[in-house]
Amino acid sequence: GIGLRVFYYLVFSDLIVVGSDATVNIALGRKLAAGNIHGVLDPYWPPLYPVLVGIVTIFVDSITLPAVIVSVIAGALAVPITYWLAYQSYGKDTALIAAIIAVFFPNLINSVFALGTENPYLVCVAGSLAAGWVGLTRDSSRYLFLTRMLVGLAYLTRPEAFGFMIFFV
C-alpha cells in the first residue's frame, strides 16, 4: 500500500492542489512545528490532523510534503485494518481479496492528493471497529479502552465521529 502510494506521488506530484481546508490545517501544523503548542488549537478546526502534520513538519521542512506523508501512511494503514476486519468475518481468502481491493481502490490512492482529514479519520474509525469487535468477542476491557481512544481520536479528526460514540454505547 505504501509503495503504490509513494509511486503515485512521485509520478503525479505536480498535480497536488492544496484546498482551503488543507491550507488552514497545514498552517496550524506549521505553528505546532515552530513551537507554538497552543497555535494548533483553533475553535473551528479539529486538532488531530494539524498535530500529525505538525509532527511530520518537525522532521520534513516543506509546505505540502508533511501532509502528503500523513495521507500516505494513513491510507496505507487502511489496508491491514481492512484485511483484519474481513478476516474476522469471512476468513483468509476473502480478507486477502479485500486487502488487494483496498490497495488498489482509486479513492484511497487519490486521497494522497486530496490532502485532508479523510485518511486519518478512516484509520481511526476502522481501527475502532476492529478494536471494538475484539473487545466485545473476548470481553476484554483493554480492547474496549482502545476502542474509546480511537473513537476519541476520530472525533478529534472530524466532529461527526460523535455518532460512533453513540454506536458503541
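**Figure 1. Tyr143, a residue of helix H8.** Tyr143 has its place in H8, a helix that covers residues 141–157. Helices here are DSSP runs of H or I with at least four residues, strands are runs of E with at least two, and both are numbered from the N terminus. Before you look further: this is a predicted model, where local features need pLDDT of at least 70, side-chain atom pairs count only at pLDDT 80 or more, and totals for chains, interfaces and linings use all residues. Residues are numbered from 1 along each chain as its sequence is written, and side-chain values use heavy atoms, with hydrogens and water left out. Tyr143 counts as partly exposed because its relative accessibility is 26% (buried is under 20% relative accessible area, exposed is over 50%, and partly exposed is in between, using a 1.4 Å probe and protein chains only). If you skip residues up to four places away in sequence, Tyr143 touches Ala131, Val134, Gly135 and Arg138; contact means heavy atoms within 4.5 Å. For a sense of distance, try Ala33: from C-alpha to C-alpha, Tyr143 and Ala33 are 32 Å apart, with their positions 110 residues apart in sequence.

**Figure 2. Thr147, another residue of helix H8.** Thr147 lies in H8 too, but Thr147 counts as buried, because its relative accessibility is 4%. Who are its contacts beyond four places in sequence? Thr147 touches Ser128, Ala131, Gly132 and Phe168. Take a look at Ser128: it is 19 residues from Thr147 along the chain, yet their C-alpha atoms are separated by 4.6 Å. While you have a helix in view, remember that an α-helix has 3.6 residues a turn, so residues three or four places apart point the same way.

**Figure 3. Helix H7 and Asp139, just after it.** H7 runs over residues 118–138, which makes 21 residues; at 1.5 Å a residue it should span 30 Å, and its end C-alpha atoms are indeed 30 Å apart. The expected span is 1.5 Å times one less than the number of residues in the helix. Step off the end of H7 and you meet Asp139, with a positive phi of about 50°. Asp139 has this positive phi although it is not a glycine. Most residues other than glycine have a negative phi, and most peptide bonds are trans. Asp139 is located in the loop between H7 and H8. Buried or exposed? Asp139 is exposed, because its relative accessible area is 68%.

**Figure 4. Helix H4, with Ala78 along the way.** H4 takes in residues 65–90, and its 26 residues reach 38 Å from first C-alpha to last, close to the 38 Å expected at 1.5 Å a residue. Just after H4 comes Gly91, with a positive phi of about 105°. Ala78 is part of H4 and counts as buried, because its relative accessibility is 5%. Apart from neighbours within four places in sequence, Ala78 is in contact with Leu108, Leu122 and Val123. The C-alpha atoms of Ala78 and Leu108 are separated by 8.6 Å, with the two residues 30 apart along the chain.

**Figure 5. Thr57 in helix H3.** Thr57 is found in H3, which covers residues 48–59. Its relative accessibility is 8%, so Thr57 counts as buried. Setting aside neighbours within four places in sequence, Thr57 is in contact with Arg30, Ala33 and Pro66.

**Figure 6. Stepping back to the whole protein chain.** How many helices and strands does the protein chain have? Count nine helices and zero strands. Of its 169 residues, 40% count as buried. Look at contacts with a separation of 6 or more: residues 24 or more positions apart account for 60% of them. Along the principal axes, the C-alpha atoms fill a box of roughly 45 × 35 × 25 Å. The protein chain exposes about 9,600 Å², and carbon and sulfur atoms supply 69% of that area (accessible areas come from the Shrake-Rupley method with a 1.4 Å probe; for residues, only the protein chains shown count as cover).
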